[in-house]
Amino acid sequence: MRQAIMIKPGVIEYREIPEPAPLLEKEILLRIKKIGVCGSDIHVFHGKHPATPYPVVQGHEYSGVVEAVGSGVSRVKPGMKATARPQLVCGTCGPCKRGQYNACQELKVQGFQAPGVAQDLFVVTEDRIVPFDDSMTFEQGAMIEPAAVGAHSTNRSGSLLRKNVVVSGAGTIGNLVAQFARARGAKKVLITDVSDFRLGIARQCGIELTANVATNSFADAVKRAFGDEGFQTGFEAAGVQESLDVLMQYVEKGGDVVVLGVYSKNPVVNMYYLGEHELNVYGSMMYRQEDYETAAAMIASGKIVTQPLLTRNFPFSQYIDAYEFIDKQGDRTMKVMIDL
Ligand SMILES: NC(=O)c1ccc[n+]([C@@H]2O[C@H](COP(=O)([O-])OP(=O)(O)OC[C@H]3O[C@@H](n4cnc5c(N)ncnc54)[C@H](O)[C@@H]3O)[C@@H](O)[C@H]2O)c1
Ligand SMILES: [Zn+2]
Ligand SMILES: [Zn+2]
């Protein structure tokens with residue numbers, strides 16, 4: 001079978017490798033159909049990911065078909081469409097023991113610190129499998145991963161019910177966070193970005209309130225969106241200093257700020273707002289199994305839409321072209337998919 005392996009930054013080699021060994025009791029063999037590319041993959045491509053050694057087989061957001069199952073597997077059958085959570089955890093550390101295994105002390109993410117799925121067949125274990133509805137496309141199946149980030153982060157703070165929410169950053173992640181905030185009962189959701197193109201995609205996904213903070217002030221945008229009500233929860237999904245600053249400064253006193261962004265430059269946090277405004281700041285790390293399952297169900301039901309996020313597909317043989325396309329397109333690309 002085929003495998004794409006990144007030997008060093010910028011260089012992918014294709015190899016013929018043997019098919020996986022016979023399955024253990026709780027293992028499932030997936031035939032990979034689509035692999036989504038995200039910003040972290042691009043960082044690896046450029047040699048700028050802080051925690052990925054080379055060579056590395058990439059691919060952590062994906063969909064496929066169950067090809068075979070081990071003797072002890074009951075959750076899926078051959079022929080079903082499925083994806084799986086790419087997290088390898090120890091099961092014995094403090095976070096694992098209290099069910100917070102997404103923050104396992106020994107976490108290895110497939111495609112980064114462990115081999116990913118950029119090959120025809122891939123073995124996963126039953127505890128991480130997530131079957132998805134037959135009515136869903138393989139592209140939708142590969143979007144379960146970023147959608148699960150939205151599902152998890154919108155459960156981190158208190159309930160969003162009847163709250164006004166601002167999501168700062170309208171990339172794939174911010175877009176899906178905003179859709180989940182709405183689905184979880186937020187009163188109004190405003191999404192901000194510095195790219196009109198990405199704000200347009202947010203509107204196509206049904207997020208009506210958008211603001212370009214390169215051409216408008218954040219405070220004005222908030223005033224226009226919510227009047228005197230302000231906003232009670234902010235989600236930082238841009239990964240830049242300015243975005244964190246305005247959320248901390250303008251969220252209602254006593255409000256919540258959920259941080260998803262990964263910062264290439266360590267931001268300075270204004271502790272005045274944290275203390276004097278008695279804010280709650282939450283981190284949000286990937287997802288857990290239930291977030292994957294929620295994401296799969298919400299996409300199947302049409303409550304979370306992913307079609308407007310899809311920019312273009314590339315064949316498996318053109319992985320490098322896909323990366324170069326993303327680099328060249330800048331903000332005018334959202335999700336690029338690799339077809340196997
Ligand atoms: N916590 C997690 O589990 C998790 C998972 C995946 C990604 N991430 C991180 O979340 C962030 C978003 O991911 P993505 O894939 O959507 O990235 P992205 O780069 O596609 O999106 C970020 C968006 O922020 C916008 N932006 C830049 N400056 C801004 C500002 N001042 N105000 C508002 N928006 C601004 C950019 O134009 C861009 O559209 C990244 O930092 C990524 O590393 C976190
Ligand atoms: Zn990703
Ligand atoms: Zn652990």
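1. A good place to start in this predicted model is helix α7, residues 218-226, where Phe218, Ala221, Val222, Ala225 and Phe226 are buried. These residues lie on the same side of α7, because they cover an arc of only 100 degrees around the axis.

2. What covers that buried side? Among the elements over the buried residues of α7 are three strands, β10 (164-168), β11 (188-193) and β12 (209-212), along with helix α8 (241-250). Right after α7 comes Gly227, with a positive phi near 60 degrees.

3. Helix α6, residues 196-204, is worth a look next: Arg198, Leu199, Gly200, Ile201 and Ala202 are buried there. Do have a look at Arg198, a charged residue that is buried in α6. The buried residues of α6 pack against helix α5 (172-183) and against β11 and β12. A glycine comes up here as well: Gly206, just after α6, has a positive phi of about 90 degrees.

4. Now for a helix pair. Helix α4 (residues 144-153) packs with helix α10 (residues 289-300) at an angle of about 110 degrees, and their axes are 8 Å apart. An angle from 65 to 115 degrees counts as roughly perpendicular, so α4 is roughly perpendicular to α10. The crossing of the two helices is right-handed.

5. Which residues make this contact? On the α4 side they are Ile144, Glu145, Ala147, Ala148, Ala151 and His152, and they meet Asp291, Tyr292, Ala295, Ala296 and Ile299 of α10. By type, the residues of the contact are eight nonpolar, one polar and two charged.

Technical notes
Residues are numbered from 1 along each chain as its sequence is written. Chains are lettered from A and ligands numbered from 1 in the order in which they are written. This is a predicted model: local features need pLDDT of at least 70, side-chain atom pairs count only at pLDDT 80 or more; totals for chains, interfaces and linings use all residues. Side-chain values use heavy atoms; hydrogens and water are left out. Buried means under 20% relative accessible area, exposed over 50%, partly exposed in between (1.4 Å probe, protein chains only). Helices (H or I, at least four residues) and strands (E, at least two) are DSSP runs, numbered from the N terminus. The arc is that of the directions from the helix axis to the C-beta atoms. Contact means heavy atoms within 4.5 Å. Axes are lines fitted to C-alpha atoms, for helices over the stretch in contact, and angles run from 0 to 180 degrees between N-to-C directions. Angles under 35 degrees count as roughly parallel, over 145 as roughly antiparallel, 65 to 115 as roughly perpendicular and the rest as oblique. A crossing is left-handed if the near helix is turned anticlockwise from the far one by less than a right angle, and right-handed if clockwise.
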